[in-house]
Amino acid sequence: MTRLIFLGPPGAGKGTQAQTLAQHLHIPHISTGEILRQAMKEQTPLGIKAQSYVDSGELVPDQLVQDLVQERLEQPDAHSGWILDGFPRKVTQAAFLEELLEKTHQGGEQVVNLDVPDEVVVERLLTRGRKDDTEEVIRRRLEVYRAETAPLIDYYRDRQKLLMVNGNQSLEEVTTKLQNVIAS
Ligand code: AMP
């Protein structure tokens with residue numbers, strides 16, 4: 001049973017790696033960013049509420065993402081494991097998830113931190129071309145990452161759940177490293 005949380009700055013390659021690994025392991029790849037973008041495209045109530053935050057690089061309020069993650073983890077396909085990408089994004093969300101997993105007897109999760117230097121991240125984001133990848137929004141997303149998300153590295157290290165992977169290598173090299181650390 002694999003339950004994995006992917007951490008790392010925007011542009012670290014979390015999405016690509018999480019997707020590859022999820023396919024390999026036949027478990028769902030759950031990206032809160034993807035779910036929010038889809039909801040925005042369809043203009044669902046969730047999408048409408050999330051739009052201004054996503055467009056400006058701010059975090060969507062906890063309640064919205066926590067509800068969507070809880071719902072997603074209740075789906076039958078999540079019973080055989082999952083990879084969470086983009087959640088949790090701050091300590092309050094991590095505490096929520098910890099409690100949820102305990103309550104639903106889904107413990108044993110591991111956390112992968114994809115470590116990538118700042119310069120590499122900015123360059124990758126600028127060439128990705130997503131709607132929220134303008135220079136100003138990228139800058140804000142990195143600030144938010146440092147202030148809110150980076151503290152999760154210590155949070156999970158303290159709980160002995162953290163695996164560090166150097167994300168500053170080729171896509172294939174990162175995939176191989178990930179498969180090695182997770183198997184162990
Ligand atoms: P991502 O695709 O993970 O880079 O997420 C894109 C955007 O979605 C972020 O900049 C946030 O506005 C929003 N978002 C995604 N996940 C979360 C989360 N766990 N908490 C709050 N906002 C989130």
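**The ligand and an aromatic pair**

Biologist: Which residues come nearest to the ligand?
Modeller: This is a predicted model, in which local features need pLDDT of at least 70, side-chain atom pairs count only at pLDDT 80 or more, and totals for chains, interfaces and linings use all residues. Residues are numbered from 1 along each chain as its sequence is written, and side-chain values use heavy atoms, with hydrogens and water left out. A residue is near the ligand if one of its heavy atoms lies within 4 Å of it. Of the 16 residues around the ligand, those that come nearest are T32, R37, E58, G86 and R89.

Biologist: How far is an oxygen atom of the ligand from the side chain of R89?
Modeller: A polar contact is a pair of N or O atoms within 3.5 Å. A backbone N or O atom of V60 lies 3.0 Å from a nitrogen atom of the ligand. For the ligand oxygen and an N or O atom in the R89 side chain, the distance is 2.9 Å.

Biologist: Is Y156 buried or exposed?
Modeller: Buried means under 20% relative accessible area and exposed over 50%, with partly exposed in between (1.4 Å probe, protein chains only). Y155, at 11%, counts as buried. Because its relative accessible area is 2%, Y156 is buried.

Biologist: What is the distance centre to centre between Y155 and Y156?
Modeller: Rings of Phe, Tyr and Trp (its six-membered ring) pair if their centres lie within 6.5 Å; planes under 30 degrees apart count as stacked, over 60 as edge-to-face and the rest as tilted. The count comes to one aromatic pair. Y155 and Y156 form an edge-to-face pair, with 85 degrees between the planes and a centre-to-centre distance of 5.0 Å.

Note on methods
A polar contact is a pair of N or O atoms within 3.5 Å; within protein, one must be able to donate a hydrogen and the other to accept it, and residues adjacent in sequence count only if both atoms are side-chain atoms.
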